[in-house]
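Here are a few exercises for exploring a structure you have not met before. Take your time with each task before you read its solution.

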Amino acid sequence: MPAFSIVSTGFMRQAEATRKAMGIPHVWIAEYPGVIPNDSDEIFERKIREDVFPSLLEGFAAPVDDVVDVEVEPVPGSVAFHGTFDQVQDHVVEQLWGDGLPVVPPTPQRVEKFLAFTDRDPDEVLGILHPELREATIRTVAINGVMAGCRPEYLPILVAVAEAIADPHFRLEDAGSTPGWEPLVIVSGPLVGQLDFNTEGGLMRVGRRANATVGRFLRLFMRNVAGFRVPPGGTDKGSIGYSFNVALAENEAAVRELGWTTFGQDRGFDPEDTVVTVQSVVGISPPIYSGGSTALEHLEYITYYATHTPGPWAYTNIKYGQATPLLVMSPSVASGIADDGWSKDDIRQHLFENVRLPARLLERYGRHVEGAEFTFADYVARKVADPLYAESDDPDRLLPLLLAPGHTGIVLAGDPGRNQCRWYANNHEQGPATSRLVRLLPDYSDRLDATGNGDG
Amino acid sequence: MGDEQLLEVVWPMGRATKGRIVSKERLPDPRGKTIAFIWDYVFRGNEMFEIIKDELHSRGYDDVTFIDFDVFGDTHGADERAVVEDIPNKLLKYRADAAIVGVGA
């Protein structure tokens, strides 16, 4: 059946790349010139009549080419280039394999060192990744881990990261969307200490190899295997975006001291498991300082920033019925809250009840995002939102931005000597927190010891 | 430079899995045809479709039948996967001859 798409100018390249990747190169794309939310009603109508419609008519009658070029690609894992170090770097740039930083050349020898930390078939397919619908395999994980500068012993963590984003629940296909969210890897469990992840000051800075390279790996993997590339590529449409997140590692000792559960346990795993969780981050709060002798004193400003970090963008939580934000909390703040008898669940419940914004602020923002305002009354009528969102028509009624208490993640990390937290807002249903167990060979600790680099 | 080590590097990408679907179908004459509108409920697609209908009528294509977007549902909503999966069934059920899909922006 003939299909004709309508796409605005800024998304034409992405549309062309997507139809090519999906194997449907003949879908006609009619261009809307410009940026739709910026156009008046008059200009909008004129462009539909004078630009979009004529293009559709042209497409209705356009012949379909008989000859279709088929690109021949290398065999996965085969040698694709020979050269000096500098020539390799230039080739990586030309092929759009890199992230703008020098890469560790993925030689067969380096890849084999990584594969020594698994007994899984290197060609085992972990998933098919959008938008280019390529196979994510153990081998491609190892190759991109080499390029990112990871150590071979990180492979089990990298495999778990790849498994998490390959899970359809994660919705990797949305990773090129305009909000420009960036995935965050959270590591909890014994490997945090064994592999020397930083859990304290400078938590989210580059500086420690494990944190920095595991974070870098994910972005490289999303470029090379999923196919998300910034210009000159066309598939990453993050309007501004920001750089890869270093991996965030949990301070388990601090958690145990308070008698709280670890993040891995909160995610449903056993205390002795090393767990990887990947989630989207669309906004990060300023530093949240809090003090006092009661939990409520600490929660006052945490709640403020939990509300105002996403701000009216949080209407999308309601529209898509999903939100998994993350509170990163210094152990000193957690200690103050715990001393008042509060648990993580108490914090979550308080946030669920108090993170709210007025309806009018949320509804009006829809016009700027999608080109048209919405109403919660319409959302409720269409069963998009819970009826509580339209219980009254008071535009100043405060509406909850979090959809369930249990959806907020809490990780203890950061400088224990300072009373600071940060709120990480995730992008509604895109990249919800998705966890995987890190699977190790029975003799992993021995292999780690043999490298001389672990605290095995 | 002449003594610099030459490195072999392997291809970092995964095997592409999608074949190619070559469809020779277009819609050279919309007269008497049924056109489906499929929408992601953003960027004023509903208004676009009404203008497109009007343009077709103004060009004498008065016997074109339209299947409106609400038949298919929101292709970008919370249940988009189920909605998208059901599109082929609905196109067959309502005997669509072509589909106009929007809006990517």
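The exercises below look at a helix, the cavities and a pocket of this predicted model.

**Exercise 1.** Work out how the span of helix 1 of chain B compares with the expected one.

*Solution.* Start with the residues: helix 1 of chain B runs over 45–58, which gives 14 residues. Next, take the span from the first C-alpha to the last, which is 20 Å. Finally, set that beside the 20 Å expected at 1.5 Å a residue: the two are close. Just beyond, the helix is followed by Gly60(B), whose phi is positive, near 90°.

**Exercise 2.** Find which residues of helix 1 of chain B are buried, and what covers them.

*Solution.* Buried means under 20% relative accessible area. Gly45(B), Met48(B), Phe49(B), Ile51(B), Ile52(B), Lys53(B), Glu55(B) and Leu56(B) are the buried residues of this helix. Now look at their cover: chain A contributes strand 1, strand 2 and helix 2, among others. From chain B, the cover includes strand 2, strand 3 and strand 4.

**Exercise 3.** Describe the largest cavity and the classes of its lining residues.

*Solution.* The model has three cavities of 30 Å³ or more. The largest has a volume of about 80 Å³. Its lining includes Trp423(A), Asn317(A) and Asn426(A). Sorted by class, the lining has ten nonpolar, two polar and no charged residues.

**Exercise 4.** Do the same for the second largest pocket.

*Solution.* This pocket holds about 860 Å³ of space. Of its 33 lining residues, Lys20(A), Glu71(A), Glu73(A), Glu132(A) and Arg134(A) lie nearest the centre. Helix 1 of chain A gives the largest share of the lining, four residues. By class, the lining divides into 13 nonpolar, nine polar and eleven charged residues.

Terms used: Residues are numbered from 1 along each chain as its sequence is written. Chains are lettered from A and ligands numbered from 1 in the order in which they are written. This is a predicted model: local features need pLDDT of at least 70, side-chain atom pairs count only at pLDDT 80 or more; totals for chains, interfaces and linings use all residues. Side-chain values use heavy atoms; hydrogens and water are left out. The expected span of a helix is 1.5 Å times one less than its number of residues. Buried means under 20% relative accessible area, exposed over 50%, partly exposed in between (1.4 Å probe, protein chains only). Contact means heavy atoms within 4.5 Å. On a 1 Å grid over the protein atoms alone, a cavity is a set of points where a 1.4 Å probe fits but cannot get out, and a pocket is an open set with protein on both sides within 12 Å along at least five of seven lines; lining residues have an atom within 4 Å of a point. Grid points are joined across faces, edges and corners, and a volume is the space filled by probe spheres set on the points. Ala, Val, Leu, Ile, Met, Phe, Trp, Tyr, Cys and Pro count as nonpolar, Asp, Glu, Lys and Arg as charged, and the others, Gly among them, as polar.
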